[in-house]
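These are my notebook entries on a chain whose coordinates I went through by topic. I set down each item that I looked up, together with what I found.

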Amino acid sequence: MEPPEPTAAAFSTADVEKPVATSRRRPGLFAIWIMSSVVLFAMIGLWSLATPLYAGPDEGVQVIRAVSLLRGELAGPAAPGKSLPVVAARVPRPYAEAVALPRCFMFRPWRSAGCAPRFPSGGGGLVSTTTYVGHYPPLYYALVGTPSYFLPPVQAVLAMRMLSDLVSAAALGLAFAIAGTWSSSVLLPAGLAVSVTPMAIFLGGMVNPSGMEISLAVLCWTAALVVATVPDRAPPVGLLRVLGVAASLLAVTRFASPLWVACVGLVLLALTPPARLAALARSRPAIRWAAAVIGAASACAVWDVATRAFLVTPAGPKATGSTAHVVELTAVYVASLAEEVVGVLGWLDTRAPFAVYVAWIAVAVAIVAAGAALGSKRGRTVLVGLVLAGLTIPTAMVASHARQQGLWLLQGRDVLPLLVGLPLTAAVVAGQKHRRLSSVLGSVAVGAVWACLLVFFAEALRRYTVGVNGPLDPLVRVTGGWTPPLGAATLLFSFTLADGAYLALGLALTRAAYRPAAAAERRLDDDPDGPGAGPDAPTPHSPAADAASPSEGWQYGGGAVSRPGGRGLGGVRRMSAPG
């Protein structure tokens with residue numbers, strides 16, 4: 001039997017708006033954020049070092065966009081003899097010449113990266129070149145382009161990658177911190193681990209706004225789902241702040257980002273109980289952040305229209321025939337992107353062993369099935385809607401341009417900001433039911449992610465050092481092979497350690513959420529702005545608590561709590577009275 005939804009009396013604007021002083025600060029959200037970010041920064045950075053310069057998708061033209069933006073070109077002028085999206089850019093000569101670096105091994109996975117020439121050196125003045133991302137929204141490029149001002153070209157590109165790594169790791173780490181502090185879903189840590197696919201980790205360390213977009217999308221989905229389902233009370237101001245900042249940044253990252261923000265918002269509205277929605281609608285912080293997000297999305301939409309940033313270079317065969325036939329061809333192509341969503345790295349030429357794709361997709365399907373089986377009617381309806389959106393939106397995006405620009409306009413990474421919401425929503429929808437089963441599934445999922453990441457990293461390292469037809473051992477040196485910075489052995493050993501720490505983090509968060517006392521104690525006073533904190537807050541042994549909760553036991557998400565106290569991953573937590 002599902003617990004009844006809170007009534008309007010359970011929420012008030014004051015619950016959302018009024019900060020109450022805490023008796024003491026506990027190492028909850030911030031501690032988990034730092035730990036998660038450090039682990040993810042190491043994993044993303046090591047994968048970046050294991051990938052040759054400009055072996056990331058479109059990395060050469062992305063670097064040109066960042067370098068030219070920092071030299072005053074907000075949106076490049078039309079290139080002579082070219083049509084949009086190709087535009088002109090002026091950059092130092094080494095950046096223009098370096099675009100040709102990966103040509104000897106891109107799309108040729110049997111060749112190692114050892115065939116590539118050295119990165120061009122020297123200074124000199126600015127030269128004219130072209131880029132087909134010159135009208136993309138400027139935020140990401142402004143963040144990562146600064147090193148090109150004061151570092152030599154090779155070091156500048158490496159620094160750009162590290163800045164991308166830092167941004168992605170911070171966003172993903174905060175998502176894990178929210179799962180470990182503000183959520184009581186046993187499956188959410190596993191849902192996060194599954195949503196952070198090898199493609200997301202790889203792109204996080206490349207000079208490409210897709211990495212930042214995917215990472216911010218994971219954070220947005222996590223924060224929005226916790227806002228919608230946090231039990232018994234209105235969400236704290238701190239959580240609303242995280243959601244507002246993340247959604248505002250996401251909205252201006254890439255040309256399609258406002259669409260993904262809208263999808264997150266629709267799911268938030270659909271999952272949030274009416275009483276909580278009414279309280280949020282009266283909350284000044286919620287209104288301010290909603291206005292900020294709408295303003296950012298509107299600004300990006302205006303930019304897209306003004307600069308025609310939505311135009312992409314033609315790719316693949318152009319569709320012909322009836323509309324039904326075009327839609328059919330498009331749907332088949334979109335279904336084939338499942339492999340890319342997990343990870344087809346580099347210039348779509350670096351694949352994992354087939355078992356990795358099978359295991360990753362199987363775990364994701366298991367989490368979605370658990371959400372459908374254990375969730376409420378509202379939750380199941382949202383899940384079905386999200387599955388349909390994941391199929392229809394990419395199909396519509398490709399079909400609308402398939403006749404003029406070809407069928408291959410969309411890649412798996414382009415729709416990942418939408419699809420990461422599926423396992424996350426399923427994990428939250430599953431809630432507190434069958435906690436032991438959810439804990440087992442979550443632990444298995446985290447373990448599968450750990451194994452898949454390690455196998456994929458070793459295979460990607462082998463692809464670039466010796467080629468896919470080379471020795472199975474990526475540490476073997478061959479004539480004409482590529483030697484990554486720090487050496488292949490050091491990178492593989494370091495990634496094994498970082499991946500092990502990632503496994504420990506996921507298992508610790510799952511275990512902390514599983515323990516009944518930890519679930520009951522999911523108090524929102526880790527945020528100094530959150531309600532219900534402080535020495536006067538009711539506790540399970542106080543008269544105020546007894547008056548606040550007339551039913552037998554303390555209720556949390558519909559379950560009675562028999563033991564207060566205890567200790568979670570983020571420190572001691574006490575539970576507050578409902579409402």
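**Entry 1: salt bridges**

I began with Arg463, which has a relative accessible area of 1% and therefore counts as buried. The model I am reading is a predicted one. I next looked up the partner of this side chain: Arg463 forms a salt bridge with Asp349, and the closest N and O atoms are 3.2 Å apart. The two residues belong to distant parts of the chain, 114 residues apart, with Asp349 in the loop between S3 and S4 and Arg463 in helix H21 (residues 435–465). I checked the cover of Asp349 as well; its relative accessibility is 7%, so Asp349 is also classed as buried, the limit being under 20%.

I then asked how many salt bridges a search of the whole structure finds. The search returns eight.

Among them I noted the pair Asp58 and Arg413, whose side chains meet at 3.1 Å, N to O. Asp58 sits in the loop between H2 and helix H3 (59–69) and Arg413 in helix H19 (residues 412–419), so this salt bridge ties together parts that are 355 residues apart in sequence. I recorded both Asp58 and Arg413 as buried.

Helix H19 came up again with Asp414, whose side chain meets that of Arg254 in a salt bridge (3.1 Å, N to O). Because Asp414 lies in H19 and Arg254 in the loop between helix H10 (237–251) and helix H11 (257–271), the pair ties together parts 160 residues apart in sequence. For accessibility I read 12% for Asp414, which is buried, and 6% for Arg254, which is buried too. I also looked for shared partners, and I found that salt bridges join Glu213, Arg254 and Asp414 into one network.

**Entry 2: positive phi values**

I looked up residues other than glycine with a positive phi. Leu348 has a phi near 55°. Leu348 lies in the loop between strand S3 (344–345) and strand S4 (350–351), the loop that also holds Asp349. Is Leu348 buried or partly exposed? Its relative accessibility is 31%, so I entered Leu348 as partly exposed.

Arg308 is another such residue, with a phi near 60°. I located Arg308 in the loop between helix H13 (284–307) and helix H14 (323–335). Its relative accessibility is 44%, and Arg308 therefore counts as partly exposed.

**Entry 3: helix H2**

I turned to H2 (residues 29–49) and its contact with helix H6 (residues 153–181). The axes of the two helices come within 7 Å and cross at roughly 140°. I noted the crossing of H2 past H6 as right-handed. Sorted by class, the contact of H2 with H6 comprises 15 nonpolar, eight polar and two charged residues.

I also looked for nonpolar side chains at the surface. Phe30, Ile34 and Val38 form a nonpolar patch there, and together they have about 310 Å² of accessible area. Of these residues I followed up Ile34, which is found in H2. With a relative accessibility of 41%, Ile34 lies between the limits of 20% and 50% and so counts as partly exposed.

Technical notes
Residues are numbered from 1 along each chain as its sequence is written. This is a predicted model: local features need pLDDT of at least 70, side-chain atom pairs count only at pLDDT 80 or more; totals for chains, interfaces and linings use all residues. Side-chain values use heavy atoms; hydrogens and water are left out. Axes are lines fitted to C-alpha atoms, for helices over the stretch in contact, and angles run from 0 to 180 degrees between N-to-C directions. Helices (H or I, at least four residues) and strands (E, at least two) are DSSP runs, numbered from the N terminus. A crossing is left-handed if the near helix is turned anticlockwise from the far one by less than a right angle, and right-handed if clockwise. Ala, Val, Leu, Ile, Met, Phe, Trp, Tyr, Cys and Pro count as nonpolar, Asp, Glu, Lys and Arg as charged, and the others, Gly among them, as polar. Patches are made of residues with over 30% relative accessible area and no salt bridge: like charges are joined within 9 Å, nonpolar side chains (Val, Leu, Ile, Met, Phe, Trp, Tyr) within 5 Å. Accessible areas come from the Shrake-Rupley method with a 1.4 Å probe; for residues, only the protein chains shown count as cover. A salt bridge is a side-chain nitrogen of Lys or Arg within 4 Å of a carboxyl oxygen of Asp or Glu. Buried means under 20% relative accessible area, exposed over 50%, partly exposed in between (1.4 Å probe, protein chains only).
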